[in-house]
Amino acid sequence: MDQPEFNPGGDDGISSPSEDAGMTTSEYLLNAAFVLLVLRQAKERELDRRSVTVPLVLMFFVGAQYLHTFPTAGHDLALIVALALVGLTLGMLGGLATQVRVDERGAALARVGWIAGGLLVLGIGARMGFAFAVGHGFEPDLRSFSIAHQIGATAWPVALVLMALIEVGSRIAVVQVRGRRLTASS
């Protein structure tokens, strides 16, 4: 075996209760809060300090709740990087698709349109769908895939959370940069 730190007994069929549990009610509510945050952004808002602070506080809260380790055994890092790149792509596309303009006072305003909102909901929905599927029959297939590709059980939640955080962070960054460029040029 070329990865001595990888658990060769990972396919023994015995998993801890925490691995068997699907998404908790609070995790569903947290995802619903993300969707409501997206819907709230459908109304045009000024790109001010609050438009950055609220999502960043939420990002740090989620990161503190779910990111305790950074698994690197086997192909864990490849999975984490791949899903982080998916999050970055969704976030950047969402940021570019967000409608940004300058009002008569010279303040930058942003509004999430159908495309940007759809990209945000796509990311959230994909993660929720994955978690739902794992909790409702897909878990044995995921375990087999993970063993075949040397991906540890702890890599999946880290990769999915980082995907979400990078999606939100990159979208915020793109929208803020676009807003600053517009205000600087007007």
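**Notes on a predicted helical chain with three strands**

1. Let's start with one residue: E46 is partly exposed, since its relative accessible area is 33%. Keep in mind that everything here comes from a predicted model. E46 pairs with R105 in a salt bridge, and the closest N and O atoms sit 3.4 Å apart. That pair connects distant parts of the chain, 59 residues apart: E46 belongs to strand β1 (residues 45-46), while R105 is in the loop between β2 (99-102) and β3 (108-111). R105 itself is exposed, with a relative accessible area of 59%.

2. Stepping back to the whole chain, you'll find six helices and three strands. Reading from the N terminus, the order is α-α-β-α-α-β-β-α-α. The chain has 186 residues, and 36% of them count as buried. Its accessible surface is about 10,900 Å², with 66% of that belonging to carbon and sulfur atoms. Among contacts with a separation of 6 or more, 82% are between residues 24 or more positions apart.

3. Helix α3 is a good one to look at next. It covers residues 49-66, and its 18 residues should span 26 Å at 1.5 Å a residue; the end C-alpha atoms are indeed 26 Å apart, so the two agree. Which residues of α3 are buried? They are P55, M59, V62 and G63. These residues take up an arc of only 100° around the axis, which means they sit on the same side of α3. Turn to the face pointing away from that buried side and you meet the exposed residues R49, R50, V57, F60 and A64.

4. Now for helix α4. With 22 residues, α4 reaches 31 Å from first C-alpha to last, close to the 32 Å expected at 1.5 Å a residue. Its buried residues are D76, L79, I80, L83, A84, G87, L90, G91, G94 and G95. Looking down the axis of α4, these fall within an arc of 130°, so they line one face of the helix. As for what covers them, α5 (114-148) and α6 (155-185) are included.

5. There is also a nonpolar patch on the surface. F70, L77, V81, L85, L88 and M92 make it up, and its area is about 510 Å². One of these, L85, lies in helix α4 (residues 76-97). L85 is partly exposed, because its relative accessible area is 48%.

6. Back to charged pairs: the count comes to five salt bridges. One of them brings together the side chains of E167 and R127, at 3.2 Å from N to O. E167 is in helix α6 and R127 in helix α5, so this pair ties together parts 40 residues apart in sequence. Are these two residues buried or exposed? Both E167 and R127 are buried.

7. Another salt bridge stays inside a single helix. The side chains of E139 and R143 meet at 2.4 Å, N to O. These two are four residues apart in helix α5, so about one helical turn separates them. R143 counts as partly exposed, at 23% relative accessibility.

8. One last thing about where we began. Salt bridges with shared partners join E46, D103 and R105 into one network.

Technical notes:
Residues are numbered from 1 along each chain as its sequence is written. This is a predicted model: local features need pLDDT of at least 70, side-chain atom pairs count only at pLDDT 80 or more; totals for chains, interfaces and linings use all residues. Side-chain values use heavy atoms; hydrogens and water are left out. Buried means under 20% relative accessible area, exposed over 50%, partly exposed in between (1.4 Å probe, protein chains only). Contact means heavy atoms within 4.5 Å. Accessible areas come from the Shrake-Rupley method with a 1.4 Å probe; for residues, only the protein chains shown count as cover. The expected span of a helix is 1.5 Å times one less than its number of residues. The arc is that of the directions from the helix axis to the C-beta atoms. Patches are made of residues with over 30% relative accessible area and no salt bridge: like charges are joined within 9 Å, nonpolar side chains (Val, Leu, Ile, Met, Phe, Trp, Tyr) within 5 Å. A salt bridge is a side-chain nitrogen of Lys or Arg within 4 Å of a carboxyl oxygen of Asp or Glu.
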